[in-house]
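Hi everyone, thanks for coming. Please have the structure open in front of you, and we'll walk through a few parts of it together.

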Amino acid sequence: MKLSVVIISYNVKYFLEQCLCSLEQATAGIEHEVIVIDNASTDGSTEYITSRFKNIRWVANSENYGFSRANNMAFTYAQGEYVLMLNPDTIVTKEAIEGCIKFMDNNPDVGATGVKMLNKDGNFALESRRGIVTPWVGICKATGLSKWFSKSRLFGHYYMSYLPEDEVNQIEMVSGAFMFLRHEKLKEIGFLDDKFFMYWEDSDLSYRILKSGAKNYYLPHPILHYKGESSVKSRLKYRYWLYYSLQIFFKKHNPLYYILSYIPLKLVVYMLKFRIHYINPLFLGNDWDTRKVEPAQRFIIVGPKEVHSEIETLLKNSGIDKGHKFIEANEEQLKTGKVRISNPGDYNHILFDTSAISYDTVLKTLQNLKGQSLKIATYSPKTKILITDGVIYNTKGIIEI
């Protein structure tokens, strides 16, 4: 078998469904398997997904084992020559899957590859590649120096942002959102370290690949990563786990860095923990970390004319029935990825009918529109689900966040 795709899911059934649909297109003609480990979701993921996708291997955990431990469960089932560790809140492309396979086939010294991840507005996601973290690199990131001097090798090493985003480059750390691994190398160096409940486990694995003598690469093949739909909704909790896991990373790989950063990182972790458990609940209420997302108001709807009225009705049932723009188009008409839009600033989402337009073409079009403040939205006539960056619409007009 050529490829095993491993996905860890937690309460993201609609994003997972879309990810699996994109995988079906991306892996057509490739011998593969898909393994999904569900970390005790409470949104009905098991029934919803298993009734729609009969050819995946689904494992439902009775509790949330965290990202590393759940992935390790999946790795024990994997039979592919390559293993793709993939987030459920992604849209993958055939270009990315085939590009990684071809590159790995031709470069046996490569242990892992990452790809060009796009944000929901089509712009390049900086975390598509990262450098090894040192206290200096961390200071540059924390103080904003890496952002202000992004093209500098001295200050911009955290995201290796001095490298061109549209060129193949050797990198140090591959993102776990899309981590294409050589299975033999994974078995050689060991699976993910389950001391990392969340974050830095991908950096730990990337670092161990480098230490084994293999290389990590970045390939400019696009996928989309919504970011955050598969993890904690609170930015405060995100920072807590980020710094907490960074301490584990330093302790494991560089005792000197661990000693130098121990006190400042420990202070940050305790301060965040105090805010999470005491300060925020006291002043903001117990639901302070509930994500609040305003419904998208104005769509540019791209697809065949026959689905326009279907989408319009769905939006009307959700109380959003004015100000939309309709563009009649199909796969053939959009294959260049170019679409003309007058006054794009009047809209906030561009909505694609994914039954008529491939995910590769959707992302190509989105990239061409970057800088116009249009975020991606998708609609499937088969499922009757409309997905935006955090708000889900269905035929009953129910908004699920």
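Let me start with one term: when I say that two residues touch, or are in contact, I mean that they have heavy atoms within 4.5 Å. Please also keep in mind that this is a predicted model, where local features need pLDDT of at least 70, side-chain atom pairs count only at pLDDT 80 or more, and totals for chains, interfaces and linings use all residues. Residues are numbered from 1 along each chain as its sequence is written, and side-chain values use heavy atoms, with hydrogens and water left out.

With that in hand, let's look at Thr27. Which residues does Thr27 touch, not counting residues up to four places away in sequence? They are Leu3, His32, Lys94 and Ile97. Thr27 sits in the loop between H1 and strand E2 (32-38); helices (H or I, at least four residues) and strands (E, at least two) are DSSP runs, numbered from the N terminus. Thr27 has a relative accessible area of 2%, so it is buried. Here buried means under 20% relative accessible area, exposed over 50%, and partly exposed in between, with a 1.4 Å probe and protein chains only.

Next to the strand that follows this loop. Six of the seven residues of E2 are buried, so to speak of E2 as mostly covered is fair. E2 runs parallel to E1, and seven bridges join the two; strands pair if DSSP finds at least two bridges between them. One of the bridge partners is Ile37 in E2, which is matched with Ile8.

Now please find helix H4, residues 94-106. Its 13 residues reach 18 Å from the first C-alpha to the last, close to the 18 Å expected at 1.5 Å a residue. That expected span is 1.5 Å times one less than the number of residues. Which residues of H4 are buried? They are Ala96, Ile97, Gly99, Cys100, Ile101, Phe103 and Met104. The buried residues of H4 pack against several elements, among them strand E1 (3-9), helix H1 (13-26) and strand E9 (215-225).

H4 also takes part in salt bridges, meaning a side-chain nitrogen of Lys or Arg within 4 Å of a carboxyl oxygen of Asp or Glu. How many salt bridges does the structure hold? There are 15. In one of them, Asp105 pairs with Lys2, with the closest N and O atoms 3.1 Å apart. That pair links distant parts of the chain, 103 residues apart, with Asp105 in helix H4 and Lys2 in the segment before E1. Asp105 is partly exposed at 38% relative accessibility, and Lys2 is partly exposed at 23%.

Another salt bridge joins Glu98 to Lys94, with the closest N and O atoms 3.2 Å apart. Both lie in helix H4, four residues apart, about one turn of the helix. As a general point, an α-helix has 3.6 residues a turn, so residues three or four places apart point the same way.

One last pair: the side chains of Lys370 and Glu165 meet in a salt bridge at 3.7 Å, N to O. Lys370 lies in the loop between helix H13 (359-368) and strand E13 (375-380), and Glu165 in the loop between helix H6 (145-148) and strand E7 (169-171), so the pair ties together parts that are 205 residues apart in sequence. Salt bridges that share partners join Lys116, Glu165, Asp166 and Lys370 into one network.

That's my tour, thanks for listening!
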